[in-house]
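Student: Got a minute to go through this model with me? I'd like to start with what counts as buried.

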Amino acid sequence: MSDATRTEAGPGRRGWGSAIALGVATLLLWSLHPTLLILVPFALLLIALPPRRPPLVVGAALLLWFLFSGSRSGALWYVERGWALLLAGWFIAFGAMWPRRSFIVRGLASVAATMASAALVVASSRPGPSFVEGLVSQQMRTAASESIALFTQMLGFERVSAQVQEAMFAAADLQVLVFPALLALGSLTGLAVAWFVYRRLGIGDAAPLRPLREFRFPDDLVWVLIAGMLLLVLPLGAAAERAGTNLLTFMAALYALRGLAVLLVVAGVPGPLGLVVSGVLLLFLYPLIMAMTVLVGVTDTWLDIRARRVAAPPSS
């Protein structure tokens, strides 16, 4: 969103479009119970951080009661809520330690700390990591079966073709393979939505999150990308290969967003027709566009393209 558009929209509506887009991204990235990644951190932020207005605190407590009450349907119920609690706790802790750091720094640190602490808990538990992966795999394949049944009912077929069923189960298996990366990305976008709504409703902050064209993260994270490549390329076994795949998936998404931010600065925000054309191109050429934005994002790590553009004289 350009500055002009932001000004015309007024402080009351500023940034809500980005928050909605981040919420949709959270829903798409994590298919098990994505609303927990938003609602649990949001409620705990209202309770733990100022201004702690009584109506908002009571509302947050009721929200937590609603999320943690009801029937406990299996071990996944505890896994999902335990993850959301850890994520919110780490985010509040990093906020207390680094009050002046940007959201993206605190959010990335919170996701990493949650991943590490959850790994320790799971590894030290009796069932072990394979138990959690089995739960996720079962849930993903059940969701694929339900999607096939819904697809069949909507089209009025007796059954969909074997190729379609194989493709949907293959997609579910791919989700299981990269579910740590998807969970990390969904947690980051969920935290962003929770932080935005908390700052707007609790503090009255007019701009809780920076515009997309300013998106960046610490350049040192390029070493995570390099580590992922090495784990994937070197013959270190299946576990290292999977860890590399997840690191690359996570970092590729971040660099694609950074590359998109650079392109918005260089080429400008497209108009309505440009958005339609961009959507069509993304639909049919998404591997090429994804690779291009990742490359631009990685290049920005060393060249800082946006700073060079601002520093360049108008004639250039």
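Tutor: Sure. Buried means under 20% relative accessible area, exposed means over 50%, and partly exposed is in between. One caveat: this is a predicted model.

Student: Okay, so is R81 buried or exposed?

Tutor: R81 is buried, because its relative accessible area is 7%, and the cut-off is under 20%.

Student: What does the R81 side chain pair with in a salt bridge?

Tutor: With E80. The two side chains meet at 3.6 Å, N to O. E80 is also buried, with a relative accessible area of 14%.

Student: Why can such side chains pair at all?

Tutor: Side chains of opposite charge can pair when their charged atoms come close.

Student: How many salt bridges does the structure hold?

Tutor: Nine. One of them joins the side chains of R141 and D173, at 2.7 Å, N to O. That pair links distant parts of the chain: R141 sits in helix α7, D173 in helix α8, and 32 residues separate them.

Student: And R141 and D173, buried or exposed?

Tutor: Neither. R141 is partly exposed at 32% relative accessible area. D173 is partly exposed too, at 39%.

Student: What about R199, which residue does it bridge to?

Tutor: D205. Their closest N and O atoms are 3.2 Å apart. R199 counts as partly exposed, because its relative accessibility is 21%, and buried needs under 20%.

Student: Which residues do shared partners join into one network?

Tutor: D219, R258, D300 and R306, through salt bridges.

Student: Back to α8. Where is A170?

Tutor: In helix α8, which spans residues 162-177. A170 is partly exposed, with a relative accessible area of 43%. Its C-alpha lies 9.4 Å from that of R141, and the two are 29 residues apart along the chain.

Student: Switching topic. Which residues touch the most other members of the largest nonpolar core?

Tutor: F217, F250, L254 and Y255, in a core of 66 residues. Helix α9 gives the largest share of this core, 14 residues.

Student: What does F217 touch?

Tutor: Leaving out residues up to four places away in sequence, F217 touches I104, L108, M251, L254, Y255 and R258. So L254 and Y255, listed with F217 among the core members with the most contacts, are also its direct contacts.

Student: Where does L212 sit?

Tutor: In the loop between α9 and α10. L212 is partly exposed, at 35% relative accessible area. Beyond four places in sequence, it touches L257, L260, A261 and L264.

Student: How far apart are L212 and V224 in space?

Tutor: 22 Å, C-alpha to C-alpha. In sequence they are twelve residues apart.

Student: Now pockets. How much space lies in the second largest one?

Tutor: About 1200 Å³. It is lined by 43 residues. Nearest its centre are W83, M115, A118, A119 and F179.

Student: Which helices supply at least two residues of that lining?

Tutor: α3, α5, α6, α7, α9 and α11. Helix α5 covers 75-97, and α11 covers 238-267.

Student: How do the lining residues divide by type?

Tutor: 35 are nonpolar, five polar and three charged.

Note on methods:
Residues are numbered from 1 along each chain as its sequence is written. This is a predicted model: local features need pLDDT of at least 70, side-chain atom pairs count only at pLDDT 80 or more; totals for chains, interfaces and linings use all residues. Side-chain values use heavy atoms; hydrogens and water are left out. On a 1 Å grid over the protein atoms alone, a cavity is a set of points where a 1.4 Å probe fits but cannot get out, and a pocket is an open set with protein on both sides within 12 Å along at least five of seven lines; lining residues have an atom within 4 Å of a point. Grid points are joined across faces, edges and corners, and a volume is the space filled by probe spheres set on the points. Helices (H or I, at least four residues) and strands (E, at least two) are DSSP runs, numbered from the N terminus. Ala, Val, Leu, Ile, Met, Phe, Trp, Tyr, Cys and Pro count as nonpolar, Asp, Glu, Lys and Arg as charged, and the others, Gly among them, as polar. A nonpolar core is a set of buried Ala, Val, Leu, Ile, Met, Phe, Trp, Tyr and Cys residues joined through side-chain atoms within 4.5 Å. Buried means under 20% relative accessible area, exposed over 50%, partly exposed in between (1.4 Å probe, protein chains only). Contact means heavy atoms within 4.5 Å. A salt bridge is a side-chain nitrogen of Lys or Arg within 4 Å of a carboxyl oxygen of Asp or Glu.
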